[in-house]
Structures are given as structure tokens and as C-alpha cells.
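Work through these exercises with the model open beside you. Try each task before you read its solution.

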Amino acid sequence: MFRRFFSLVITGAIMMVMTQTINAQESAPQMLTGSAEQVSFSDEMLESAAKAYMQIVEINQSFQMSLQQTDDQEKRQNLQQNANKQFVEAIENSGLEVDQYNNIMQNVAANEELNVRFGGILQKLM
């Protein structure tokens with residue numbers, strides 16, 4: 001039960017972040033296009049993605065709070081651009097390229113076994 005719930009939480013959060021990134025990332029439209037390339041990932045790659053993911057979740061939470069505090073469209077757009085820049089920096093600081101991270105996260109969302117592995121790595125990092 002916990003494993004399934006945790007998988008759903010991870011998948012939901014991934015989709016939320018990915019949707020935010022898709023909608024906001026005009027400067028790099030290649031970020032989340034296409035389908036997941038089915039490959040296997042080393043624990044090191046998954047750990048790098050998990051570290052980036054944790055940072056992205058924090059950035060997204062901060063972004064959402066800031067977004068709720070303004071109705072000014074220009075400020076909202078600036079907040080979104082800043083969050084997107086921070087998303088990319090978090091990914092690159094983890095040692096991955098954006099397309100690698102997106103491929104990993106798409107596979108995590110699509111593959112239950114990989115989702116469980118990723119969830120275990122996240123738990124260890126928390």
C-alpha cells in the first residue's frame with residue numbers, strides 16, 4: 001500500500017513539475033518533447049536525477065507560493081522564467097543534462113519498476 005501510494009505521489013509531483021516546465025520553458029522547447037526512450041539507468045544516474053528532482057520540488061513550491069502572492073502578469077512571467085532557470089541549474093548541478101534528466105523522469109513515470117527504484121533512492125536522500 002505504501003509503495004503504491006509513494007509511487008503515485010512521486011508520479012504526481014513529477015507530472016506537476018514537468019507540466020510547469022513544458023508550459024513555461026520557451027527558450028528550450030526540447031526539454032520535454034517526445035516519448036521516453038526506454039533504457040536502463042545506473043544507480044548513479046538515478047541518484048543524480050533524484051537530487052535534481054528534490055531541488056526542483058523545492059523550487060516549484062517556492063515558485064507556487066510566490067505566484068499566489070501576485071496578480072501582476074509581468075511579475076508572474078518573471079517568476080516563471082526565474083523558476084525555469086533554477087530548474088535547469090538544479091539539473092546541471094546534479095551532473096546531468098536537461099534532456100538526460102527528462103528522459104529519466106519520463107521513464108520513472110512510465111515504468112513501475114524504475115519508479116520503485118527511484119522512490120527508494122529518494123527515501124535514502126531524505
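**Exercise 1: a ring in the core**

Phe118 is buried, at a relative accessible area of 0%. Buried means under 20% relative accessible area, exposed means over 50%, and partly exposed lies in between (1.4 Å probe, protein chains only).

Before going on, note the ground rules. This is a predicted model, in which local features need pLDDT of at least 70 and side-chain atom pairs count only at pLDDT 80 or more, while totals for chains, interfaces and linings use all residues. Residues are numbered from 1 along each chain as its sequence is written, and side-chain values use heavy atoms, with hydrogens and water left out.

Task: How far apart are the ring centres of Tyr53 and Phe118, and at what angle do their planes lie?

Solution.
- Step 1. Count the pairs: the structure holds one aromatic pair. Rings of Phe, Tyr and Trp (its six-membered ring) pair if their centres lie within 6.5 Å.
- Step 2. Take the two values. The ring centres of Tyr53 and Phe118 are 5.8 Å apart, and the planes stand at 75 degrees, so this pair is edge-to-face. The cut-offs are under 30 degrees for stacked, over 60 for edge-to-face, and tilted for the rest.
- Step 3. Place the partners. Tyr53 belongs to helix α2 and Phe118 to helix α5, so the pair ties together parts 65 residues apart in sequence.
- Step 4. Check the other ring's surroundings. Tyr53 is buried too, with a relative accessible area of 7%.

**Exercise 2: two helices that cross**

Task: At what angle do the axes of helix α2 and helix α5 cross?

Solution.
- Step 1. Know what to look for. Two packed helices are described by the angle between their axes and the distance between the axes.
- Step 2. Read both values. Helix α2 (residues 43-68) and helix α5 (residues 112-125) have axes that come within 9 Å and cross at roughly 65 degrees. Axes are lines fitted to C-alpha atoms, for helices over the stretch in contact, and angles run from 0 to 180 degrees between N-to-C directions.
- Step 3. Find the hand. The crossing of α2 past α5 is right-handed. Right-handed means the near helix is turned clockwise from the far one by less than a right angle, left-handed anticlockwise.
- Step 4. Find the residues. On the α2 side, Asp43, Leu46, Glu47, Ala49, Ala50, Lys51, Tyr53 and Met54 take part; on the α5 side they meet Leu114, Arg117, Phe118, Ile121, Leu122 and Leu125. Contact means heavy atoms within 4.5 Å.
- Step 5. Sort by class. The contact of α2 with α5 has ten nonpolar, four charged and no polar residues. Ala, Val, Leu, Ile, Met, Phe, Trp, Tyr, Cys and Pro count as nonpolar, Asp, Glu, Lys and Arg as charged, and the others, Gly among them, as polar.

**Exercise 3: buried or exposed?**

Task: Place Ala52, Glu58 and Gln123 by accessibility.

Solution.
- Step 1. Ala52 lies in helix α2. At 0% relative accessibility, Ala52 is buried. Beyond neighbours within four places in sequence, Ala52 touches Ala90, Ile91, Ser94 and Tyr101. The C-alpha atoms of Ala52 and Ser94 are 5.7 Å apart, across 42 residues of sequence.
- Step 2. Glu58 is in helix α2 as well. Its relative accessible area is 56%, so Glu58 is exposed.
- Step 3. Gln123 sits in helix α5. At 39% relative accessibility, Gln123 is partly exposed.

**Exercise 4: the whole chain**

Task: How many helices and strands does the protein chain have?

Solution.
- Step 1. Count five helices and zero strands. Helices (H or I, at least four residues) and strands (E, at least two) are DSSP runs, numbered from the N terminus.
- Step 2. Add the burial: 39% of the 126 residues in the protein chain are buried.
- Step 3. Check the confidence. The chain has a mean pLDDT of 79, and 70% of its residues reach 70 or more. pLDDT is the predictor's confidence in each residue, from 0 to 100.
- Step 4. Mark the weak stretches. Over residues 1-8, pLDDT stays under 50. Over residues 17-35, pLDDT is below 50.
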